[in-house]
Amino acid sequence: MTVLDRMDALTAQITNGPDGYSGVIGDEAWAQQIRRLVEMRGATLLAHNYQLPAIQDVADHVGDSLALSRIAAEAPEDTIVFAGVHFMAETAKILSPEKTVLIPDQRAGCSLADSITADQLQEWKAEHPDAVVVSYVNTTAAVKALTDICCTSSNAVEVVASIPEDREVLFCPDQFLGAHVRRETGRQNLHIWAGECHVHAGINGDELAEQARTHPDAELFVHPECGCATSALYLAGEGSFPAERVKILSTGGMLDAARDSSARQVLVATEVGMLHQLRRAAPDIDFQAVNDRASCRYMKMITPAALLRCLVEEADEVHVDAETARLARRSVTRMIEIGQPGGGE
Ligand code: SF4
């Protein structure tokens with residue numbers, strides 16, 4: 001069987017259903033075909049930390065959304081394949097408008113990004129015409145275009161603190177991150193949008209307190225990117241877990257801390273996909289999810305079948321109109337100018 005025959009046979013197995021593309025196993029033969037197609041397309045393949053292990057292992061780079069978008073902008077390749085959810089691929093397109101950006105399944109959304117639409121933000125702004133709008137990176141390009149400054153959870157406090165105290169601030173869409181920022185800055189003129197990520201709303205205070213009690217020597221790693229850990233970030237600040245054992249870390253920081261840690265057990269309060277990178281970085285540590293049901297179904301729509309179809313058909317392509325991209329880029333650039341957005345692989 002030739003290489004092309006093998007690929008045809010693999011492609012013929014792909015099926016499409018409401019939960020995404022399936023029918024292909026992410027094994028060695030699949031990985032070889034993926035790498036061959038990536039090279040043939042002159043592409044670079046990026047995978048978010050919460051992707052399936054097989055997708056992470058076949059990618060050129062693995063990281064958080066902002067770090068990957070920056071890698072996309074700097075990469076010499078003209079085609080970016082972004083294995084992550086839609087707003088992430090959009091952010092890559094905003095930062096590299098001249099490149100072709102592909103996402104393996106454009107139906108991979110984000111409940112946090114969907115918490116606020118551009119129309120809702122427009123109405124909110126009309127109620128507070130002098131306010132400065134700060135939006136988390138988990139937002140659509142259209143929302144970013146209506147935003148003054150974007151933020152990540154690593155720099156949200158710094159971004160809000162940079163705004164003159166007498167100016168009202170509209171903070172969206174994550175209510176947990178907003179509450180954390182209000183507590184840290186003591187700011188009363190900060191209005192918070194009531195959005196949340198459905199996955200991480202499941203990591204609650206009782207669960208964290210119970211984990212602290214039953215794992216008295218464990219450390220707690222909270223990853224502040226992706227919106228995925230902001231409820232844990234908030235609860236850790238509330239004292240649900242002893243502060244001296246809590247580490248709020250970007251992806252790179254989390255991997256470094258894992259390599260340096262003398263802890264025998266580390267509890268991880270974020271999407272379960274992160275465990276794969278941590279176990280690879282520090283195989284002697286017992287990494288456990290605070291909530292092992294914290295798995296994002298949108299992230300998991302990027303299946304081996306979806307990635308294969310994407311590279312074979314060069315689809316789905318991500319488009320952001322030029323004016324939206326220009327305005328959205330401005331809010332992302334302002335964030336980078338104000339403070340370290342955090343992240344890094
Ligand atoms: S885990 Fe939550 S914030 Fe992250 S992509 Fe999924 S829905 Fe969005």
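In the predicted model examined here, the crossing of helices α1 and α2 is left-handed. Helix α1 comprises residues 3–12 and helix α2 comprises residues 28–40, and their axes come within 11 Å of each other, crossing at roughly 110°. Because angles of 65 to 115 degrees count as roughly perpendicular, α1 and α2 are described as roughly perpendicular to each other. On the side of α1, the residues that take part in the meeting of these helices are R6, M7 and L10, and they face A29, W30 and Q33 in α2. Sorted by class, this contact of α1 with α2 consists of four nonpolar residues, one polar residue and one charged residue.

Further along the chain, four strands form an open sheet, in which the order is β12-β11-β13-β14 and the pairing is parallel. The edges of this sheet are occupied by β12 (246–248) and β14 (286–289), each of which pairs on one side only. From one strand to the next, the twist averages 25°.

Within this sheet, strand β11, which spans residues 219–222, is joined to β12 by three bridges, and these two strands run parallel. The bridge partner of V222 is I248, which belongs to β12. At the strands β13 (265–269) and β14, a helix is also found: α13, formed by residues 274–281, lies across both of these strands and runs at about 170° to β14. Since angles over 145 degrees count as roughly antiparallel, the direction of α13, at about 170° to that of β14, falls into this class.

Notes:
Residues are numbered from 1 along each chain as its sequence is written. This is a predicted model: local features need pLDDT of at least 70, side-chain atom pairs count only at pLDDT 80 or more; totals for chains, interfaces and linings use all residues. Axes are lines fitted to C-alpha atoms, for helices over the stretch in contact, and angles run from 0 to 180 degrees between N-to-C directions. Angles under 35 degrees count as roughly parallel, over 145 as roughly antiparallel, 65 to 115 as roughly perpendicular and the rest as oblique. A crossing is left-handed if the near helix is turned anticlockwise from the far one by less than a right angle, and right-handed if clockwise. Two residues are in contact if their C-beta atoms, placed from the backbone, lie within 7 Å. Ala, Val, Leu, Ile, Met, Phe, Trp, Tyr, Cys and Pro count as nonpolar, Asp, Glu, Lys and Arg as charged, and the others, Gly among them, as polar. Two strands pair if DSSP finds at least two bridges between them.
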